[in-house]
Amino acid sequence: MVTAMMGRRSFLRAIGAGGAVLLSVAGGFRPITALAAEPLAPDLPPLPYSYDALEPFIDTATMQIHHDRHHAAYVNNLKNALANYPELQSRSLAELLANLNDLPQAIRTTVRNNGGGHINHSIFWATMRAPGSGVAPGGALGQAIGAQFGSVDYLKSLINTAGERRFGSGWTWLASDGAGALYVYSTPNQDNPYMMGQTPLLGIDVWEHAYYLKYQNRRAEYLNAWWNVVDWAAVGARYAEAIG
Ligand code: MN3
């Protein structure tokens, strides 16, 4: 069907380039609107559930190490980088990431990697929930997925394939351009849709630290399993805010 084919072509173009590619949004960065609502939490936010809440799909040990060590390190590194720049501490992290070239050269890469790490993981925790407790995508998000991708299963396959093809460390995303269109692509390291003027709706961490204890080198198995803990209600709320 036409809508699904459009999604497939956009997707193939994105992963074919091998990196974070903005597909077809003209005019560069859009004004910071919904992006500005993303808070820059000064400290490591607690998990919104227990470490074992996502078992058996995401194991307890991985959650403990991932949150308490990896995410904590990104927060600490970001705070250290911004310590001498109080004027930057008052800006939203999404805004900083959307305008990296405006940052002092001395901290640009640190903010990119650790600010990205901080906000990416904050979104990651907030878009998962206990298995079996979720709902299908509804509302405006459900309509947009149906119109653009044809089915939720097809969308999942696109997101998974982008994540499987990411060489090395990175993320696979569902993102909004703020005008209703959805995008699927992968980014390296801790890069994210904010850097392209988009809003991340859902991101799956494909760094090995996200899955290696349980899945070893079987990234595709991890990606398939991840959908058992997706919180579509949270993703839908992010979409509503992005297009609001
Ligand atoms: Mn991670």
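**Sheet**

I started with the strand pairing: β1 (residues 170–176) and β3 run antiparallel and are joined by six bridges. I note here that the model is a predicted one. I then picked one residue in this pairing, L174, and found that its bridge partner in β3 is L202.

Next I looked up how the strands are ordered. The sheet is open, has three strands, and reads β2-β1-β3 with antiparallel pairing. β2 (182–188) and β3 are the edge strands, each pairing on one side only. For the twist I recorded an average of 25 degrees from one strand to the next.

**Overall layout**

I counted the elements in the chain and got ten helices and three strands. Along the sequence I wrote their pattern down as α-α-α-α-α-α-α-β-β-β-α-α-α.

I then checked burial and surface. The chain has 244 residues, of which 48% count as buried. It exposes about 10,500 Å², and carbon and sulfur atoms supply 54% of that area. I also looked at contacts between residues at least 6 apart in sequence: 72% of them join residues at least 24 apart.

**Manganese site**

Which protein atoms are the donors of the manganese ion? I found NE2 of H66, NE2 of H121, OD of D205 and NE2 of H209, at 1.9 to 2.1 Å from the ion. Along the chain I read their spacing as H-x54-H-x83-D-x3-H. Two of these donors, H66 and H209, link distant parts of the chain: H66 sits in helix α2 (residues 60–82), while H209 sits in the loop between β3 (199–205) and α8 (212–215), 143 residues apart. I checked the accessibility of this pair, and both H66 and H209 are buried.

**Salt bridges**

How many salt bridges does a search of the whole structure find? The search gives four. I followed up three pairs, including E95 with R91.

For E95 and R91, the closest N and O atoms are 3.6 Å apart. Is E95 buried or partly exposed? Its relative accessibility is 24%, so I entered E95 as partly exposed. I entered R91 as partly exposed too, because its relative accessibility is 24%.

For D191 and R112, I noted a salt bridge with the closest N and O atoms 2.9 Å apart. I placed D191 in the loop between β2 and β3, and R112 in helix α5 (residues 105–126), so this pair ties together parts 79 residues apart in sequence. D191 has a relative accessible area of 8% and is buried, whereas R112, at 36% relative accessibility, is partly exposed.

For D231 and R129, the side chains meet in a salt bridge at 3.6 Å, N to O. This pair also links distant parts of the chain: D231 is in the loop between α9 (219–226) and α10 (232–243), R129 is in the loop between α5 and α6 (139–149), and they are 102 residues apart. On accessibility, D231 counts as buried at 12%, while R129 is partly exposed with a relative accessible area of 26%.

Note on methods:
Residues are numbered from 1 along each chain as its sequence is written. This is a predicted model: local features need pLDDT of at least 70, side-chain atom pairs count only at pLDDT 80 or more; totals for chains, interfaces and linings use all residues. Side-chain values use heavy atoms; hydrogens and water are left out. Donors are N, O and S atoms within 2.8 Å of the metal (3.2 Å for Na, K and Ca); water is not among the atoms, so sites may look incomplete. Helices (H or I, at least four residues) and strands (E, at least two) are DSSP runs, numbered from the N terminus. Buried means under 20% relative accessible area, exposed over 50%, partly exposed in between (1.4 Å probe, protein chains only). Two strands pair if DSSP finds at least two bridges between them. Axes are lines fitted to C-alpha atoms, for helices over the stretch in contact, and angles run from 0 to 180 degrees between N-to-C directions. Contact means heavy atoms within 4.5 Å. Accessible areas come from the Shrake-Rupley method with a 1.4 Å probe; for residues, only the protein chains shown count as cover.
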